[in-house]
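This report describes a protein–DNA model, with attention to the protein fold and to the surfaces near the DNA. The sequence and structure come first.

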2 protein chains.
Amino acid sequence: MKIQAYDISRQASAATLIFDAIRQAILNGDLTQGEPLRQEDIARAFNVSRVPVREALLKLEQHGLITSQRYKGAVVAGLSLEEANEIFEFRALLEPEIIRRAVPHMSPEIMEAAANCCEAFGRADDPMQWGDLNRRFHKTLYAPSGLAYHMEMLDKAMDRIDPYLRAQLLLSEGMQRANREHLMIVDACKSGKADTAADLTRQHILGAQESLSRYWKK
Amino acid sequence: MKIQAYDISRQASAATLIFDAIRQAILNGDLTQGEPLRQEDIARAFNVSRVPVREALLKLEQHGLITSQRYKGAVVAGLSLEEANEIFEFRALLEPEIIRRAVPHMSPEIMEAAANCCEAFGRADDPMQWGDLNRRFHKTLYAPSGLAYHMEMLDKAMDRIDPYLRAQLLLSEGMQRANREHLMIVDACKSGKADTAADLTRQHILGAQESLSRYWKK
DNA sequence: GTATTGTATATTGTATCCAATTTTAGAATC
DNA sequence: GATTCTAAAATTGGATACAATATACAATAC
């Protein structure tokens with residue numbers, strides 16, 4: 001085969017493209033809590049009928065990013081501080097276990113990639129990138145755990161609190177602290193200390209939760 | 001208000017009814033791994049068009065109960081023993097923490113209800129009920145935790161391994177052992193020993209996982 | 001006989017249309 | 001002027017019609 005081929009059956013459907021676009025808009029904060037999502041408007045914007053739009057909205061609802069009521073339509077879901085706190089606790093339960101299981105299988109390449117994320121994270125000037133780089137960093141380290149289901153659940157949880165995470169990173173110390181802690185986690189991984197990495201990860205998460213709560217109250 | 005009223009705006013849509021029916025069929029084992037789910041067939045069976053059927057299939061896919069490919073259709077998802085094991089570990093992470101947080105808020109009514117589940121569980125002769133009663137028992141105890149998100153994730157996880165759970169309960173010792181351990185958990189809750197309840201729950205789950213793995217290999 | 005290509009059928013994805021329900025604006029009443 | 005009823009507009013849920021793709025099988029070439 002002389003042709004540079006690829007699996008075109010993997011082409012995204014209209015519904016998938018719309019889902020991704022709206023999800024991104026919510027995570028970026030372009031769509032905020034309570035914003036109504038009219039099927040007709042979205043369909044016009046994407047130049048499609050309402051059918052794939054409905055499909056996208058259904059998926060968004062399953063992800064918890066929007067809530068919808070019969071005959072009333074969908075709005076961007078809100079997340080109270082209490083709910084966000086619960087999701088932080090969910091993370092604090094999952095992530096230490098994931099990294100503990102990942103450390104024994106971490107290749108030098110993985111740690112290299114994680115370190116690169118760290119570096120890019122420290123260097124990035126656009127606050128909009130911080131959230132993405134942060135998530136990529138953690139995801140890279142977690143991949144060798146083999147805990148696909150855990151990571152899937154974690155990913156959904158991260159989507160849910162994404163706006164809060166970005167807010168937390170925007171806090172004056174949030175960004176520096178995260179970077180410092182990331183480096184410590186990478187160090188623990190490099191020296192194969194699984195339990196240490198797990199502890200640091202747990203503190204990393206609970207620390208972010210705490211600083212967010214403190215900021216949100218005032 | 002003398003009338004037994006309910007929120008009729010909460011009436012289920014056709015899609016929801018279809019979702020519930022197919023979900024139940026999968027959990028009961030009436031639909032097994034790889035079984036194709038044709039939109040047209042399902043639509044005919046429920047006397048609706050394919051639109052609500054597609055909606056139901058989307059939800060089932062998000063729940064991980066089916067997998068679907070563009071233009072190829074959906075089939076009932078399979079779950080390897082490895083994947084099932086991971087979900088047991090997911091449970092072993094979540095449930096102890098949930099019950100630990102629930103114990104301090106457990107009312108006598110809750111414990112009564114849980115004990116009733118236990119009793120019904122021990123008395124039920126139809127193996128088909130065991131799985132349901134088992135889940136109801138745990139759900140009852142977990143409710144006071146206030147960890148709605150955790151419980152939502154747990155519920156999806158339980159759906160995913162439901163057939164395995166039923167198989168495990170069918171093992172000669174599975175049912176008796178579960179019942180014995182349930183009673184111990186209730187006891188710990190009654191005496192307010194949150195950590196003990198958590199430990200027992202963890203062992204309850206890991207024990208089930210282990211007995212299932214042992215059975216499945218041979 | 002085997003491999004390739006064309007064709008028919010089945011199935012899913014999307015568009016368009018109709019029905020059910022909610023929301024809104026205005027008229028009627030007090 | 002405020003409130004309640006009413007009708008129309010807006011919006012979503014579902015049905016039908018059509019387009020895109022996959023699968024199975026016949027037709028053809030070698």
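## Basis of the description

A residue is near a molecule or strand if one of its heavy atoms lies within 4 Å of it. The model is predicted: local features need pLDDT of at least 70, side-chain atom pairs count only at pLDDT 80 or more, and totals for chains, interfaces and linings use all residues. Residues are numbered from 1 along each chain as its sequence is written, chains are lettered from A and ligands numbered from 1 in the order in which they are written, and side-chain values use heavy atoms, with hydrogens and water left out.

## Surface near DNA strand C

DNA strand C is surrounded by 17 residues, and the closest are A14(A), S49(A), Y71(A), R50(B) and R54(B). Of the atoms of this strand that come within 4 Å of the protein, sugar and phosphate account for 72%. By class the surrounding residues divide into seven nonpolar, four polar and six charged. In this scheme Ala, Val, Leu, Ile, Met, Phe, Trp, Tyr, Cys and Pro count as nonpolar, Asp, Glu, Lys and Arg as charged, and the others, Gly among them, as polar. Helix α3 (50-62) of chain A and helix α3 (50-62) of chain B each supply at least two residues of this surface. Helices (H or I, at least four residues) and strands (E, at least two) are DSSP runs, numbered from the N terminus.

Polar contacts are pairs of N or O atoms within 3.5 Å; within protein, one atom must be able to donate a hydrogen and the other to accept it, and residues adjacent in sequence count only if both atoms are side-chain atoms. A polar backbone atom of A14(A) is 3.0 Å from a phosphate oxygen of DNA strand C. From R50(B), a side-chain N or O atom is 2.8 Å from a base nitrogen of DNA strand C. The backbone of Y71(B) places an N or O atom 3.3 Å from a sugar or linking oxygen of DNA strand C.

## Surface near DNA strand D

Around DNA strand D there are 17 residues, the closest being R50(A), R54(A), A14(B), S49(B) and Y71(B). Sugar or phosphate makes up 71% of the atoms of DNA strand D within 4 Å of the protein, and bases make up the rest. The surface near DNA strand D has seven nonpolar, four polar and six charged residues. Helix α3 of chain A and helix α3 of chain B each supply at least two residues, and the largest share, three residues, comes from α3(B).

Which atom of DNA strand D lies 2.9 Å from a polar side-chain atom of R54(A)? The partner of R54(A) is a base nitrogen. Phosphate oxygens of DNA strand D lie 3.2 Å from a polar side-chain atom of Q39(A) and 3.1 Å from a polar backbone atom of A14(B).

## Fold of chain A

Chain A has nine helices and three strands, in the sequence pattern α-β-α-α-β-β-α-α-α-α-α-α. Along the principal axes, its C-alpha atoms fill a box of roughly 65 × 55 × 30 Å. Of the 218 residues in chain A, 50% are buried; buried means under 20% relative accessible area, exposed over 50%, and partly exposed in between (1.4 Å probe, protein chains only).

The strands of chain A form an open sheet in the order β1-β3-β2, with antiparallel pairing. Strands β1 (36-37) and β2 (66-69) are at the edges with a single partner strand each, so one side of each has no neighbour in the sheet. Two strands pair if DSSP finds at least two bridges between them. Between β2(A) and β3 (residues 73-76) of chain A there are four bridges, and S68(A) stands opposite A74(A) in β3(A).

## Hairpin of chain B

In chain B, strands β2 (residues 66-69) and β3 (residues 73-76) pair in the antiparallel sense over four bridges. T67(B) has V75(B) in β3(B) as its bridge partner. The two strands form a hairpin with three residues between them, and Y71(B) in the turn has a positive phi of about 65 degrees. Y71(B) is also among the residues closest to DNA strand D.

## Two helices

Helix α5 (residues 108-123) of chain A has 16 residues, which should span 22 Å at 1.5 Å a residue, and its end C-alpha atoms are 22 Å apart, in agreement. The expected span is 1.5 Å times one less than the number of residues. Buried in α5(A) are M111(A), A114(A), C117(A), C118(A) and F121(A). These residues cover an arc of only 115 degrees around the axis, which puts them on the same side of α5(A); the arc is that of the directions from the helix axis to the C-beta atoms. An α-helix has 3.6 residues a turn, so residues three or four places apart point the same way. The face of α5(A) turned away from the buried side carries the exposed residues P108(A), E109(A), E112(A) and R123(A).

Helix α4 (residues 81-102) of chain B is mostly covered, with 16 of its 22 residues buried. Its expected span is 32 Å, and its end C-alpha atoms are 31 Å apart, which agrees.
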